Structures are given as C-alpha cells and as structure tokens.
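Reader: I would like to learn how to read the packing of a protein chain from its coordinates, one feature at a time. Could you take me through an example?

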Amino acid sequence: MKLSRQFTVFGSAIFCVVIFSLYLMLDRGHLDYPRNPRREGSFPQGQLSMLQEKIDHLERLLAENNEIISNIRDSVINLSESVEDGPKSSQSNFSQGAGSHLLPSQLSLAVDPADCLFTSQSGSHNSDVQMLDVYSLISFDNPDGGVWKQGFDITYESNEWDTEPLQVFVVPHSHNDPGVKPRSGWAIDPFGHSPTMAYLLNRAGLSHMLIQRVHYAIKKHFALHKTLEFFWRQNWDVGSVTDILCHMMPFYSYDIPHTCGPDPKICCQFDFKRLPGGRFGCPWGVPPETIHPGNIQSRARMLLDQYRKKSKLFRTKVLLAPLGDDFRYCEYTEWDLQFKNYQQLFDYMNSQSKFKVKIQFGTLSDYFDALDKADETQRDKDQSMFPVLSGDFFTYADRDDHYWSGYFTSRPFYKRMDRIMESHLRAAEILYYFALRQAHKYKINKFLSSSLYTALTEARRNLGLFQHHDAITGTAKDWVVVDYGTRLFHSLMVLEKIIGNSAFLLILKDKLTYDSYSSDTFLEMDLKQKSQDSLPQKNIIRLSVEPRYLVVYNPLEQDRISVVSVCVSSPKVQVFSASGKPVEVQVSAVWDTANTISETAYEISFLAHIPPLGLKVYKILESASSNSHLADYILYNNKAEDRGIFTIKNVINTEEAIILENSFVLLRFDQTGLMKQMMTKDDGKHHEVNVQFSWYGTTIKRDKSGAYLFLPDGNAKPYVYTTPPFVRVTHGRIYSEVTSFFDHVTHRVRLYHIQGIEGQSVEISNIVDIRKVYNREIAMKISSDIKSQNRFYTDLNGYQIQPRMTLSKLPLQANVYPMTTMAYIQDGKHRLTLLSAQSSGVSSLNSGQIEVIMDRRLMQDDNRGLEQGIQDNKITANLFRILLEKRSTVNTEEEKNSVSYPSLLSHITSSLMNHPVFPMANKFSSPSLELQGEFSPLQSSLPCDIHLVNLRTIQSKVGSGHSDEAALIFHRKGFDCRFSSKGTGLLCSTTQGKMSVQKLFNKFIVESLTPSSLSLMHSPPGAQNISEINLSPMEISTFRIRLR
C-alpha cells in the first residue's frame, strides 16, 4: 500500500512538472528569438499578436501532451510492476516465450516532455520562399527564351545607373579554388544542392555561399522575382540562427559563355583563351578579338551591355561575373591573355563617366562584402532586401527532361564502401584518442611512437577525397574509380589495424605489458576484404579447447544489446562472458553455394550487451559439452547436397505460405520468398507490405540514360523469372530468415528474436549482380496499404528530413530523389520507413509505395563530360531495414508542413545499421594474455537524441603528429514524439540537450572543454572552459576537449 501511494505521488509530481515545463517553454519560446535586426520584421508586433501565437501554439501541443502524460503513466505503472516483481533477470537468462529474448528492462522510454516541444512547432513558417510551394507554382514548361534559351528577354533603361553606378567584380576561377581560411562557400558543380551544406558552412564560420546547378525552371522563376540572392534558412529553424546569404548563378553553366550575361554567343567572345589559333573556339561561330585601341570602345560597350542585363535579375547594383571553367589557369599564357585583355577593358570602362560602372578583378568575398554594404544602405526599416528561403534544390535538370537522378545510384558498390569506410573511420578515431590518452598515462612508447596517427590522417584524406562530386556520385572514368577504390581499400585495412591495436591497449589488463606483445597477438577484425572491388568475407576463427578472446566494440554512444555473428571452425562451441557465465548461442550453416553447406566453417550468433563506446570481452572455445542451438532449414524448389549436422527439410510444389515471426511482427511470404504481409502483434492487425523487383530500361530517343542522367523508357517492368527461385528458410533461436536466389539478386529477409531495437524492424539484404545485362536498372519496390497519396519523405545527408511531392506534371525521372539513410511514407495511422545503409535514388510513384533503385548498367555516355557509360558493375551488397510504426494524435493540417522528423526508434535503428558492432579476435590463443572484462569509457549512455559525430584527435601545431586535444562533435537529433515509446528497448532517456561535462567520462578526467566552430578554425567570442554542454535541437556543436 505504501509503495502504491509513493507511485501515485511520483506520478502526480511528474504531471505537475510537465504542465509547468510546457508553460515555461511556451513563455520562453517568445522571448528567446535571436534579436537579429535584419529579421525582426518577420514576426508579428504587439501583445495581441503574441497572445494569438501562444493560443495557436497551445492548441498544437494539447493533443501531444495527452500522449506524453499517457507515456508517463505507463512508465510509472511499469516501474511499479518491476519493483513488485523484483529485479529482472540478467541478459544471460532468456525468456522462452514467443522465441524472443527479454532485455534487462521493459520500461517505456523516458522522454523529457520539453524535448517534444521543438518538433511540435511548424518549422520555418517565417520563410518568404518555401521550395515545396515553388514546385507547386511552376508549370515546368520550357519555351524558347531567345538568346537566353531557358529564360526571357532582358531590357533596361540607359539612365538606371545615373544615381548609383553598376559595381562589377570579375572573379577568375578554375572550377574549384580553395581558400586558406575561407569566408564564402563556392559550389558550382554539385548536381543539385542540399540545405545541409548551407547549415554546415554556417556552423563552420562562413557567412556567404554560391551555388550553380539548380533546375533551369527554378532559375527562371527566381530571376523573374529577383530572388536569386536569398538567406537560406533550415526548414526546422524557428528563428534565424541558421541563415546564410546565398547567391544562385542564373544561367545554364559556370563557364565563361554563360556567366557574363544572358547571351552566350557574346560572352564567349570575352573568353580570351578561345582566341583564333588556340586549341578550341566558340561554338556559336564568332571568335574573341584581342583588345586594342581600335576596338576597345565597341567591345567595352558590348560586354557592359551583358553585365547590365545580368544585373537586372538581382536586387542591388553589385554584380558578380565569374571568369573561368574546369581546368583553367593551368598555364601562364592563359593568365596573361585574360588579365591583359580584361584590364584594358576595365581601365577604359572606369575612365568613361557616361558608362556609370566601376569594374575590377576581385574575389568571391570581395563581391559579398560589397553586397552586404549595398544591403545595409538600401534595407527598409532594418529589414533586409533579400528574401528568406527554406527547402532544397533537388532534383536537378540542366535542359529539357534531362534530370540528374541517375547518379543517386550510379556505382552503388562504392557508395556502400564509402559508408563502411565512414563507420570504420569514426570507430578508429574514437578508440585511438582513448588509447592515446592511456598510452600517455602509462608511457607506452610502442603505441606513442607508432605511425598510427599518420595512417589515420591519410584515411581521413582519402575519405574526404571520395566526397568529390564526381567520386561518391559514381560519375568518374573507370580508371579513376579504381584509384578511388584502391585508396578506400588501403585505408580500410589501416583503420582495422588502428581499431585492433587501440582496442587491445584499452582492454589489456596490465597496460605496461603492451610493448612486449608482437603485432600478431593484436586483435583482428572478423571481416576481410581481399581487393578494392570485392565484397568482404568473414574470417574463420580456429577453435580449440583453449579459450580464445572475442572482443566486441560498440561504436555508438548508447548502451547496446546487439546480435554478434562470427564464423568458427567447429559447431561444438561454447561462449562465455568475461565472468565465466555461459552465453546462449545459435549455430547456423555457412553455405559455400546456395545449396552446399561448408564442412569447415560454422556461423555462431549470440547477444552481446556492450557499454556505450565500449568494449566487451567474451571467451570462445571448442567443447564437447556445447549446448548451442542448431538452426533448422527448409528448402523450396531445390535440395541440399549434404545435410551435415543440420536438420533440413526439402519442400517442392507447396501452396503454404512461408512465415517468420518474433514477438513484434509476423511476416508472410509467397513461394518465391518475397514478403507479402506484415502482422503487428500488439494489435493483431495485418498490413500489406509487398516486396517486388523490377527493371527500368532507357528511352529510345537520341539522349539516353548514363552515369548522370536517368531517362527511362516508361514505367518499371516487373522482374520476370522462368522457373521458381530456390528459397532457403532458416529458423533459429537468435534469428530466422528467408533467402531467395534470383538470377540477378540474392534476396534475404531476416528477423531477430530479441525484444529490443533490432527485433522491431525487418532486415533486408540484396546481393545484386547485373554484370551481364544491357541498358537496364534494377529496383526494389515496397507496396503497402498506407494512404500516402503523393507525399513522401527522404533524408538529406543523413541529417534532416525533406518532405517530397510526386508531381504528375513532371516526368518519372524528376520524381526520383536522393536517399542517404532513410525514406518514409505515412498516413494518419501509420508510418512505413525504409532505412538504408547506402545512398541511392528513391521514389514514391504511387500512393503507399517506396521504390529504390539498387544498380544500373548503361552502355552509353549521356553527354555530360564523362565520355563513357557505366559498365564496370560489381557484385554489390545493399542493406536495408523496414520499420512499421503506429502514429498517434496527428493533425491532418500538419501533414502539409515543410518539416518532418523520424521517431527516436527510427533514429537509433538507423545508427545501429550504419554503425554496427566490431567483433575482434586475437589472432592466436595466448594462455598468458589477460584482458579486462570490459572497457567502459562513459559513465552512462548519452541521451537518446544525442549522437557523438566524432571524437577526433587534433593535429599538433608543430609537425604532422598528434596533439593532446581532440574535436568532440555532437549532433542533437530532432525526433517526432507521436509514436509509442512502450517496449522500444531504448536503453537511454532525453535531457533537453543538457550533459554535465564531469559526468561524461568514466575512465578519464576532462582537463578542458571549450566551444569551437564546426571546422575548429574559429572560436566564439569569449569562448572559455564550460562545465555543462547544452545542445539545441538539430544543432551540430563542436568542442575542443583535452582528456587525461
């Protein structure tokens, strides 16, 4: 009775805190907007407006508050039950019910109610230009615009510059010009533009940026409304803290013919590298003329006319005129030709007062400085003359129906390799810094004097190099791709060594013995890739009666219970925790071919409970008394050649459905092994989730699909097979799966029998091989009964979600968008999310559907500069997860918002997939080797909504070695609270973005922690040591940290 009374009081207290917190947050929400004079006019003035805004805000929060209170009540009830029942059993004691393993706790996730306030707001409602609206407004017709083919005729009056002269900055460039400490971003060749890049530049301390490759119809629309220069604001920003001033180049290209003005025939005559006698001329048939006294007047007037016409597309009398192209200014002769001829033109124009022009060479930042000055002079009542824009610029088209949506998928093998490299690099960075501090503490010279930091730096550079807009995109020549792949491959091998050596030092019981061990005893990864163009294969751990150490690394910042699978030499295996407790094991067959079982290798799977950013040690040995659980197999449309130790049932011509189930879902498959239906067990409801494969061909027109362009021959055609595919069904204690062997895809669907996060989504693996097809692209389509209409959602750069609309006025290829980590569809009741471990093109061409293109093989060039097709396809791995979630308290009006957020469960599931655990075994058994049971560097899990982007050792200011500082980078994720938090298995809570510095680390002391810009090149004014980290939702924050 006393206990019940305590929980009643506890629940009431929480309720009061929630209501009071909501009031404070509402009140503070109207006081804390940044007092930026440029944008104060964006908000309603007066008390009446503020009161109305508060009422609207309260209405949005009321429904959500009910859900929060319900979750708190459930948490209290569950907490009460757990106290009455006594402590739950440890992870090694498993429930036998429903074939699923229980976690230590089944409480609802503890979400701080204030953490739900941010995502309940409508986002950038104060933007002047919302790209979703622009797409609805534009007709996307393509009339002939005259000399500016994709635009319109531009006119001006000769007296327009009488009171204020035209100020022109001519900026030479060679496509990509890095600065030592840049102030302005320059992005003329990425194929479409993401607001994430604008955010990163802003957080890196840059104040301005320039972009070029934007859909020609968008450029025309912006030119008509003089919105080519704008403050780019994030969709989720309710203030203006993310604003960065952006200049959009108005014409077709960034080359000289398309940058001085609207007429390329004239502008080309002022590219003095094209003078007669050179290697190339002007395609319009009129060559440049060397400037001399006899022609300077006419040539100056001709060029000034173009400058004036271009200036009419902008709101100030400051004009940017880029002067360059790819691979320019490589020779002294071009510098001389361009400079001498232009300087004569400048001198003449500036000397003619009637021209009303001031023209000079300059840098991009010179231009933006002048632009800022003009804005300050002309702004109206502290309101900038430039509009605020939110949204993105995908999908790009440069002409006609030529949409650049092909590169979203091109060379998918290397897109997947890039993601693996990212995961390895981050894991290596974090472990290396921890190991470095321990090596300093114990004076371990062998580690300190090693070349690991040099190798780590090289890996960073190779991954950075691969982010080039012709690398990660899959649009480089074959031999360049091989070079990129070789660099990534070599760095992967080096990173594995760094992870192994660092983990070994950290887990070693007696640190002083580190120097005495040869590198052969260091830890080795369970996966090995033999070449830059092959898939990784599992190493086989040789077992004996002497225990071998198996060390598992969790690179995530939250406590984690994950399935670990490794290959061993014997099925008679036992796994023990470091304390000697036996761990339950599933033994599965290793298949040499689709229906041939290996006689020398076996896969073992078990549940590992690993601390955040930590290492957990297990012992593994061969034992006659093994009580491991063998997986069972059912084979359809074929039979196994040798059954070995496993129970195998052969089935031919049966009409029965194939079923997989765990405690969360039941999946139903047809006889081809393709999923048809999903039943959610908490409510017993059946949902259509139908997986199919299909082909796209390429158009019969002259211009066809290539590395950049997707030009299909109509809708996708179903994947047709002549004989039923071989289907192999696995039933096990830890996981069960269905594998289908089609001619071009090996399709595997897996369910994990665990109560936690990994058990709630469906894992899909597709091994794709289209090396023998001709002008085809293969897609996976997921059809559901979700009434999503024409709306769907894709992520941008794994950072934020962008709502999309499938528009019938656009061709099919225009409705394909980039997906980096996830895409989802939803209606008022459910959300279906496709989570991805590689970037690719995705669409939702019909209500309830998500379609992802997995690989493309194209025989011809698409005339965008590559000068070849894509015929170097590899056997490629695609990894996905499907997550079906119930939604609650949804307002249909909110569905039209320009911003959306994943659930916390979706965020964490994506992190689990993109940052898998690293199992490592010592290469040889060593009886004298003693390891600690675990290494746990954090005092506890970080809050569920906070991701450690990196803990990266900073280079020394002297030489190329390491310093004792690291960059500590956090991202606080925005998440949608309107999903049930019951039984999610999330072993963390949320804390309004607050973390005590001294309570972060377990084995280290924080000597200093100071805020910095994202790039570490700038420190905020008055930056000093802080004791509490306070992160705002969605923000990425960087700190300089020193541990000892």
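Author: What follows goes from the whole chain to its cores, its aromatic rings, two helices and two strand residues. Please keep in mind throughout that this is a predicted model.

Reader: How many helices and strands does the chain have, and what percentage of its residues count as buried?

Author: The secondary structure comes to 15 helices and 49 strands, and of the 1044 residues of the chain, 59% count as buried. The accessible surface is about 42,000 Å², of which 52% belongs to carbon and sulfur atoms. For the contacts, one can ask how far apart in sequence the partners are: among those between residues at least 6 apart in sequence, 75% join residues at least 24 apart.

Reader: Which residues touch the most other members of the largest nonpolar core?

Author: A nonpolar core is built by joining buried nonpolar residues through side-chain atoms within 4.5 Å. In this structure the largest such core has 132 residues, and those that touch the most other members are Phe-222, Trp-232, Tyr-307, Phe-393 and Leu-667. Taking Phe-393 as the example, and leaving aside its neighbours within four places in sequence, one finds it in contact with residues including Met-131, His-193, Ile-211, Phe-222, Trp-232 and Met-248. There is also a second, separate core of 77 residues, which includes Phe-466, Leu-492, Tyr-553 and Leu-931.

Reader: How should I read the aromatic pairs, and how many does the structure hold?

Author: One looks at the distance between ring centres and at the angle between the planes, with an angle over 60 degrees counting as edge-to-face. The structure holds 59 aromatic pairs. One of them joins Tyr-156 and Trp-161, with 5.4 Å centre to centre and 75 degrees between the planes, and is edge-to-face. Tyr-156 is partly exposed at a relative accessible area of 23%, whereas Trp-161, at 3%, counts as buried. Phe-346 and Phe-361 also form an edge-to-face pair, at 4.8 Å centre to centre and 65 degrees between the planes. This pair links distant parts of the chain, since Phe-346 lies in helix 9 and Phe-361 in strand 8, 15 residues apart. Phe-346 is buried, with a relative accessible area of 1%, while Phe-361 counts as partly exposed at 23%.

Reader: Which residues form an aromatic cluster, and which arginines lie over the face of a ring?

Author: One aromatic cluster is formed by Phe-191, Phe-394, Tyr-396, Trp-404, Tyr-407, Phe-408 and Tyr-708. As for the arginines, Arg-776 lies over the face of Trp-695, at 4.6 Å from the ring centre, and Arg-831 lies over the face of Tyr-824, at 3.9 Å from the ring centre.

Reader: Why does the length of helix 13 agree with what is expected?

Author: The general idea is to compare the distance between the end C-alpha atoms with a rise of 1.5 Å a residue. Helix 13 has 15 residues, so it should span 21 Å, and its end C-alpha atoms are indeed 21 Å apart. Its buried residues, among them Leu-452, Leu-456, Arg-460 and Phe-466, pack against helix 11, helix 12, helix 14, strand 44 and strand 45. Helix 8, with 16 residues, reaches 22 Å, close to the 22 Å expected. The buried residues of helix 8 include Leu-303, Tyr-307 and Lys-310, and the buried set packs against strand 2, helix 7, strand 7, helix 9 and strand 8.

Reader: Why does Arg-460 count as buried?

Author: Arg-460 has a relative accessible area of 16%, and buried means under 20%, so the residue falls into that class. Leaving out residues up to four places away in sequence, Arg-460 touches Leu-425, Glu-429, Tyr-453, Arg-952 and Thr-953.

Reader: Where do Ile-969 and Val-665 lie, and what do they touch?

Author: Ile-969 lies in strand 45 and is buried, with a relative accessible area of 10%. Its C-alpha atom is separated by 4.4 Å from that of Thr-1038, 69 residues apart along the chain, and its contacts beyond four places in sequence include His-947, Val-949, Leu-1014 and Thr-1038. Val-665 is in strand 25 and counts as buried at 5% relative accessibility. Beyond four places in sequence, Val-665 touches Leu-660, Met-678, Met-679, Lys-681 and Leu-751. Val-665 and Leu-884, 219 residues apart in sequence, are 9.6 Å apart from C-alpha to C-alpha.

Key:
Residues numbered from 1 in each chain as written. Predicted model: local features only at pLDDT ≥ 70, side-chain atom pairs only at ≥ 80, totals over all residues. Heavy atoms only, no water. Helix = DSSP H or I, 4+ residues; strand = E, 2+ residues; numbered from the N terminus. Buried < 20%, exposed > 50% of the residue type's maximum accessible area, 1.4 Å probe, protein only. Contact = heavy atoms within 4.5 Å. Areas by Shrake-Rupley, 256 points an atom, 1.4 Å probe, with all protein chains shown as cover. Phe/Tyr/Trp six-rings, centres within 6.5 Å; stacked < 30°, edge-to-face > 60°. Lys NZ or Arg CZ within 6 Å of the ring centre and 35° of its normal.
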